[in-house]
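Trainee: I have a structure open in front of me, and I would like to learn how to read it. Could you take me through some features, one at a time?

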Amino acid sequence: REAFEPDFPEQTAVASSLGHGETPSPPRYLPRLSNNGSGGAALAPGVRTMKRIMAPLLGLAAEHRAMLADPEAVEAAIWFHDAIYDVRSKRNEEASADWAYQVLRGAGVSEEAAGRVHALVLVTRHDGVPQDADACLLVDIDLSILGATRERFDEYERQIRAEYAFVPGFLFNLKRRQILRS
């Protein structure tokens, strides 16, 4: 395991204003990320992958920052969404949201601000219609892979298939089509 240190600080808007208090930026809240391949719950998806994934997501948030009511909460939600990921679990978003809340409160962030991040992480379940501009943008960012180049999307699909290697091919293909059509 290695500590997560982003190498794109220019795209990280959160510095110290989450909850009106002096708090470290979300990357510091993520003390360790692992890609242990054990099949169990892990902090996902590993340092190199996390750096590659986060840069464009944070870039999208920064590009649309002016339209957001709470840009710091959106950025924190980007960092925390899918932070806890188990391919066999149906509670990844809930576990990530709960962890975000605990970490943020432990870092001195207000209950209200930590609750906002918790709620935003939960919208990445995609089980309802986002209720405000911040949630809408976060959902768009979370689904932005669907608008990626064909090469990047194909790479993403190979990564997803590798994560679900334990699922028989016919069942994986059926379920994947259902997900992409929804």
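Mentor: Gladly! Let's begin with Ala113, which is buried, with a relative accessible area of 9%. Keep in mind that this is a predicted model.

Trainee: Why does Ala113 count as buried?

Mentor: Buried means under 20% relative accessible area, and Ala113 has 9%, so it counts as buried. You will find Ala113 in helix α5.

Trainee: How far apart are Ala113 and Ala73 in sequence and in space?

Mentor: Along the sequence they are 40 residues apart, while from C-alpha to C-alpha they are 7.1 Å apart in space. Ala73 belongs to α3 and is buried.

Trainee: How many residues of helix α3 are buried?

Mentor: Helix α3 covers residues 71-80, and 10 of its 10 residues are buried. Among them are Val74, Ile78, Trp79 and Phe80, and also Glu72 and Glu75. After α3 comes Asp82, whose phi is positive, near 60°.

Trainee: Let me step back to the whole chain. What pattern does it follow along the sequence?

Mentor: Reading along the sequence, you meet α-β-α-α-β-α-α-α-α-α, which comes from eight helices and two strands. Of its 182 residues, 38% count as buried. The chain exposes about 10100 Å², with carbon and sulfur atoms supplying 52% of that.

Trainee: Now a loop, please. Where is Thr124, and which residues is it in contact with?

Mentor: Thr124 is in the loop between α5 (111-123) and α6 (133-142). Its relative accessibility is 2%, so Thr124 counts as buried. Leaving aside neighbours within four places in sequence, Thr124 is in contact with His81, Glu93, Leu138 and Asp142.

Trainee: And Glu94: is it buried or exposed?

Mentor: Glu94 is buried, at 18% relative accessible area. This residue is in helix α4 (residues 92-106). Not counting residues up to four places away in sequence, Glu94 touches Leu122 and Arg125.

Trainee: How should I describe two aromatic rings that pair up?

Mentor: A pair of aromatic rings is described by the distance of the centres and the angle of the planes. In this structure the count comes to four aromatic pairs. One of them is Phe153 with Tyr156, a tilted pair at 6.2 Å centre to centre and 40° between the planes.

Trainee: Why are Phe153 and Tyr156 separated by about one helical turn?

Mentor: They are three residues apart in helix α7 (residues 150-163), so about one helical turn separates them. Phe153 is buried at 17%, whereas Tyr156 is partly exposed at 22%. Tyr164 and Phe166 form another tilted pair, 5.9 Å centre to centre with 35° between the planes. Both rings belong to residues that are partly exposed: Tyr164 at 22% and Phe166 at 40%.

Trainee: Which residues form the aromatic cluster?

Mentor: Tyr164, Phe166 and Phe172 form one aromatic cluster. Charged side chains appear here too: Arg88 lies over the face of Phe166, 3.8 Å from the ring centre. In addition, the charged end of Arg161 sits over the ring of Phe172, 4.4 Å from its centre.

Trainee: One last stop, the surface. Which residues form a nonpolar patch there?

Mentor: Look for Leu143, Leu146, Ile179 and Leu180, which together have about 350 Å² of accessible area. To find your way to the patch, start from Ile179 in helix α8 (residues 169-181).

How values were computed: Residues are numbered from 1 along each chain as its sequence is written. This is a predicted model: local features need pLDDT of at least 70, side-chain atom pairs count only at pLDDT 80 or more; totals for chains, interfaces and linings use all residues. Side-chain values use heavy atoms; hydrogens and water are left out. Buried means under 20% relative accessible area, exposed over 50%, partly exposed in between (1.4 Å probe, protein chains only). Helices (H or I, at least four residues) and strands (E, at least two) are DSSP runs, numbered from the N terminus. Contact means heavy atoms within 4.5 Å. Patches are made of residues with over 30% relative accessible area and no salt bridge: like charges are joined within 9 Å, nonpolar side chains (Val, Leu, Ile, Met, Phe, Trp, Tyr) within 5 Å. Accessible areas come from the Shrake-Rupley method with a 1.4 Å probe; for residues, only the protein chains shown count as cover. A salt bridge is a side-chain nitrogen of Lys or Arg within 4 Å of a carboxyl oxygen of Asp or Glu. Rings of Phe, Tyr and Trp (its six-membered ring) pair if their centres lie within 6.5 Å; planes under 30 degrees apart count as stacked, over 60 as edge-to-face and the rest as tilted. A charge sits over a ring if NZ of Lys or CZ of Arg is within 6 Å of the ring centre and within 35 degrees of the ring normal.
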